[in-house]
Amino acid sequence: MAPPMTAVDTTALGALLVLADGRFPAGGHAHSGGAEAAVAAGRIRDAADLEEFCRGRLHTAGLTAAALAAAAAAGADPLLLDEAADARTPSQALRATARRLGRQLTRAARAAWPSPALDALAAARPRGAHQPVVLGLTARAAGLGPAAAAYAACYETVGGPATAVVRLLGLDPFDATAVLARLAPELDAVAAAAAAVGARVLDEGTEVLPAASAPLLDVMAEVHAGWPVRLFAS
């Protein structure tokens, strides 16, 4: 039996659709989420490989990102969350990527949903806060709760690599979409778990946030950062 889905506020579903839309100008289209390096290493060759890659990302990096986003949407201190995100990102290349994406998302979010909280974070982190923290703060500004923020973070975790592999391998877009559909029940479960943990941060601090490890993603990110020519920024 599938786990119960964490309730998402249906009064703001329009905002969630805008935020999760791949056309939202947050810069994600320029990043592959590690898929480019995985394709080059022969780890992703077809839809089955893509599914396993995305599943691994969802349960590791995705869980951590979704919990950070949920905590920010719940009202936790974004600067403390940003420090927690740094501590959970061993790769310097991935930390730099997260901050670049956070800076771009901040620009788009402040235009779409003006917010003093977003303004304050932009002033405190002019080079960008970690993207999941900005995502959660954006969700809060848009009237969304922790569950919606977690869902948006989880979807980004798998949607980005799936789109990238279509370009990198010439994979049939129907096959890539089918991968995402098959992962949907697991996405529900990870988002629910992340939202529950994110809510605990208000009372228990950032120590309760998950720190799911994905060492191979870290290694591949460092290798990818040294390539002289690449299709994606990460």
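**Helix H5 and the salt bridges**

Good morning. I begin at the start of helix H5, where a side-chain oxygen of Ser-91 comes to within 3.2 Å of the backbone nitrogen of Ala-93. Please bear in mind throughout that this is a predicted model.

How does the length of helix H5 compare with what its 21 residues should span? Helix H5 covers residues 92-112, and at 1.5 Å a residue it should span 30 Å. Its end C-alpha atoms are 30 Å apart, so the model agrees with that expectation.

Which residues of H5 are buried? They are Ala-93, Thr-97, Ala-98, Arg-99, Leu-101, Gly-102, Leu-105, Thr-106, Ala-108 and Ala-109. Ala-93, whose backbone nitrogen I mentioned with Ser-91, thus appears in this list as well. As a general point, an α-helix has 3.6 residues a turn, so residues three or four places apart point the same way. You may wish to follow the list along the helix with that in mind.

What covers these buried residues? The cover includes helix H1 (13-20), helix H4 (78-87) and helix H6 (116-124). It also includes helix H7 (131-141) and helix H10 (215-225).

I turn now to the charged side chains. The structure holds 11 salt bridges, and I shall discuss three of them.

In the pair formed by Arg-23 and Asp-21, the closest N and O atoms are 3.0 Å apart. Arg-23 counts as exposed because its relative accessibility is 73%, whereas Asp-21, at 28%, counts as partly exposed.

Next, Arg-45 forms a salt bridge with Asp-49, and here the closest N and O atoms are 3.1 Å apart. Are the two partners buried or exposed? Arg-45 has 60% relative accessibility and therefore counts as exposed. Asp-49 has 16% relative accessibility and therefore counts as buried, the cut-off being under 20%.

The third pair is Arg-182 with Glu-51, whose side chains meet at 2.8 Å, N to O. This pair links distant parts of the chain: Arg-182 lies in helix H9 (residues 173-204) and Glu-51 in helix H3 (residues 47-74), 131 residues apart. Arg-182 counts as partly exposed, at 43% relative accessibility, while Glu-51, at 13%, counts as buried.

Which residues join this pair in a network of salt bridges? Glu-52, Arg-55 and Glu-186 are linked with Glu-51 and Arg-182 in that network.

To close, I would direct you to two places in the model: the start of H5, with Ser-91 and Ala-93, and the salt bridge between Arg-182 and Glu-51. Thank you.

Notes. Residues numbered from 1 in each chain as written. Predicted model: local features only at pLDDT ≥ 70, side-chain atom pairs only at ≥ 80, totals over all residues. Heavy atoms only, no water. Salt bridge = Lys/Arg side-chain N within 4 Å of Asp/Glu carboxyl O. Buried < 20%, exposed > 50% of the residue type's maximum accessible area, 1.4 Å probe, protein only. Helix = DSSP H or I, 4+ residues; strand = E, 2+ residues; numbered from the N terminus. Expected span 1.5 Å × (residues − 1). Contact = heavy atoms within 4.5 Å. Polar contact = N/O pair within 3.5 Å; in protein donor to acceptor, adjacent residues only side chain to side chain.
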